[in-house]
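Trainee: Could you take me closely through one helix pair in this model, and then say how it sits within its chain?

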Amino acid sequence: MLLALLFAYGVLNGILQGFGIMPYLGLTTPTLEYYTEALTRSDLISSILFSLYVAAASSVLATMGGVTLSAVITRLRVGRTGRLASVQIPIMTAHTVVALSVISLFSGSGLLARVLNSIGVIGSQADFPTVVGSSQGWAIILVYLWKEIPFVAFSTFAIMGSISDRFSEAASSLGASPLRTFFAVTVPLSSPAIAKSFLIVFAFAFGSYEVPLLLGSTLPRALPVLAYIEYSSPELLDRAHAMALNGIMSFITLILAWLYLRIIQRERRGR
Amino acid sequence: MELRNRPLTRRQFVEFAGLTGVAALSSGALWGCAAKSGDSGSAAFNIDNADWSAIVAEAKGKSVSFYGWGGDENRNKWLDTTVTDALKKDYDITLKRVPMGINDVLTQLSGEMQAGAKEGSIDFIWINGENFYSTMQNGYLYGPFCQRLPNFRDYVDANTEITYDFGKPNNGYEAPYGKAQMVLLVDIKKTPTPPSTAADFFTFCKANKGRVTYPAAGDFTGTAFISCLLASAMGADQWKKLTAMNANDEKAIRDLVEPGLKYLRSLNPYLWKNGTTFPADSGTVYTMFQDGELVLHMTYDPFGWINDVKSGLIPDTTQSFILREGTVGNTNFMAIAKNAPHKAAALVAINEILSPKIQLSQYETLKTVTVLDVSKVDSNTQAAFKSVSLGKGTLSLSELLAHRLPEVSGGVITLIEKLWTSEVVGK
């Protein structure tokens, strides 16, 4: 309860700061100035697009990978150890740890570049393709996939397991191939779970700052990174800018939350 | 999910009510504590009227927290041993070093000030530049205090750059800690002729295509290095004009800096990843330099890097150099939080760090340039300062100081960082 109050205070304070209300700096009149500035800054559009692109790419790939992984687990009846290794352990590793491993593996002076260099595949370290710091966000997407594929699998395989037993036998007795059964029966029946985990992965990738901060390029910067840079600026007034950026980010996330609720409602009605 | 659609059961209601009660009680108790300790502190001792011996007496037996960047292992060790031992022995003060990036320190300080805490958790802070300026503007610092410190009065020449921090007068709200200056590093075994002018530097980047870069603006070292290149490309006189300018003159600053930005853009095609992206911090650049992916590194610690040669992190053929047009330097400082719980101990600790003994030790162990006017200390200490050997490959102190340029003020720095982001990266 205390925690909830503290949280609510923090959120409220953040919203107020976005409208320029910071009593300790003598600012008490609400203003839209910071939102206008945030919305008109030259790097905002490219930043939003970059964040949306990274979120979309990683959630689409994570969903495809996760559904596949889930199908493999249910079909092959992977046991507890297998699930632990393929699902639980990746989910438990912190994103920053994965990000640092990506740096030491895929950066220009990373392990892979050195190995390729020493066996003569690439001429010098500079020839190694840009993964870390690339403006296509490869490294960021790679980190999200490491954790989000198992996450999608985790949230779908319970449902998938219960479906395959009952319906796929029926389908295959009617002559459907395993692949056909999978796409015609299993996927549609587990689609609400898939859609929900897709949205969660999307919202997470859109709003998280530490991975793009560590692995992103100088330009374009992800939206949360922009907000973080403004927030940590020594100029306290910049916090209003940060909060305005957070407001924009929250608005986009709210749309995702609304979609999520729609799916749950439809699911309830369907029952 | 389920809870929301159902009214609370009786048990849940009791739990809820109980928790609210506990929360209310405990927050009440917290308020009580804060109020009590605040009162006793101010009633017992009035620091503003105390003379030095009273301050030393008040500080005895206290522990004092020193917040600051903790990324330099050598400095951490020096603070934890030399400084901590001296304070314990001479004044019975326990120094608690809290390693924390300055942005986080400011977040904590402003958070505590906003919450109205009469006694915060921060005593004194390692601070510099715009960070200092904004905290002073917001009234988060205690002072002015410099003139109260015996060692400041006796050994610091207050008519020098020490009264200014990034072009802004510090009015005695921060005491100097050490002097820094930007130098560049190369391994002369790989690149035998380091560049000595801005034009040379361009040729150097061209000759080592893809193997030179610098940290993005916003990183402390990155911004300082960009300042150096801008100063070199614009010329020292134009740069000095810039240091006298106010951030409000946005148009004039833009026009003045444009030749420098043009120079930075001309470097891009020859930089790492063609200048489309830059490492986010100087630590990354240093790792890449150590790994041989880059042939050039830059540091604000003009002599301190020699310690890394000794520990084998970089080869002993490493050499430092500067561009002849000039290299920026600054002084870094210590400031006391307005709501510091142990102000007397903080004053004594800062005074101790300003003592010839500790300043000499800082120069010997960390090779940090002293903030004292060496001609004012006794002859033995003077001789000791002179006899410190800086190490192979370093520039002489006089060579450095002869090419020293001031940093521009905080607001102008922010503008330069923005200009770099919008008009140099990938252009």
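**A helix pair in chain A**

Mentor: In chain A, the axes of helix 3 (residues 44–75) and helix 9 (residues 191–207) come within 8 Å and cross at roughly 145°, where axes are lines fitted to C-alpha atoms, for helices over the stretch in contact, and angles run from 0 to 180 degrees between N-to-C directions. This is a predicted model, in which local features need pLDDT of at least 70 and side-chain atom pairs count only at pLDDT 80 or more, whereas totals for chains, interfaces and linings use all residues. Residues are numbered from 1 along each chain as its sequence is written, chains are lettered from A and ligands numbered from 1 in the order in which they are written, and side-chain values use heavy atoms, with hydrogens and water left out.

Helix 3 of chain A passes helix 9 of chain A in a right-handed crossing (the near helix is turned clockwise from the far one by less than a right angle; anticlockwise would be left-handed). On the helix 3 side, the residues in contact (heavy atoms within 4.5 Å) are A:Ser51, A:Leu52, A:Ala55, A:Ala56, A:Ser58, A:Ser59, A:Val60, A:Ala62, A:Thr63 and A:Val67. They meet A:Ile194, A:Phe198, A:Val201, A:Phe202, A:Ala205 and A:Phe206 of helix 9 of chain A. By class, the residues of this contact divide into 12 nonpolar, four polar and no charged (Ala, Val, Leu, Ile, Met, Phe, Trp, Tyr, Cys and Pro count as nonpolar, Asp, Glu, Lys and Arg as charged, and the others, Gly among them, as polar).

Helix 9 of chain A also takes part in a charged pairing, since the side chains of A:Lys196 and A:Glu267 meet in a salt bridge at 3.3 Å, N to O (a side-chain nitrogen of Lys or Arg within 4 Å of a carboxyl oxygen of Asp or Glu). That pair links distant parts of the chain, with A:Lys196 in helix 9 of chain A and A:Glu267 in helix 12 (residues 238–270) of chain A, 71 residues apart. Over all chains, the count by this rule comes to 15 salt bridges.

As for the setting, chain A holds 12 helices and zero strands (DSSP runs numbered from the N terminus, helices being H or I of at least four residues and strands E of at least two), and the C-alpha atoms of chain A fill a box of roughly 75 × 60 × 35 Å, taken along the principal axes. In the loop between helix 10 (210–215) and helix 11 (223–231) of chain A lies A:Pro220, and the peptide bond from A:Leu219 to A:Pro220 is cis, with omega near -10°. Most peptide bonds are trans.
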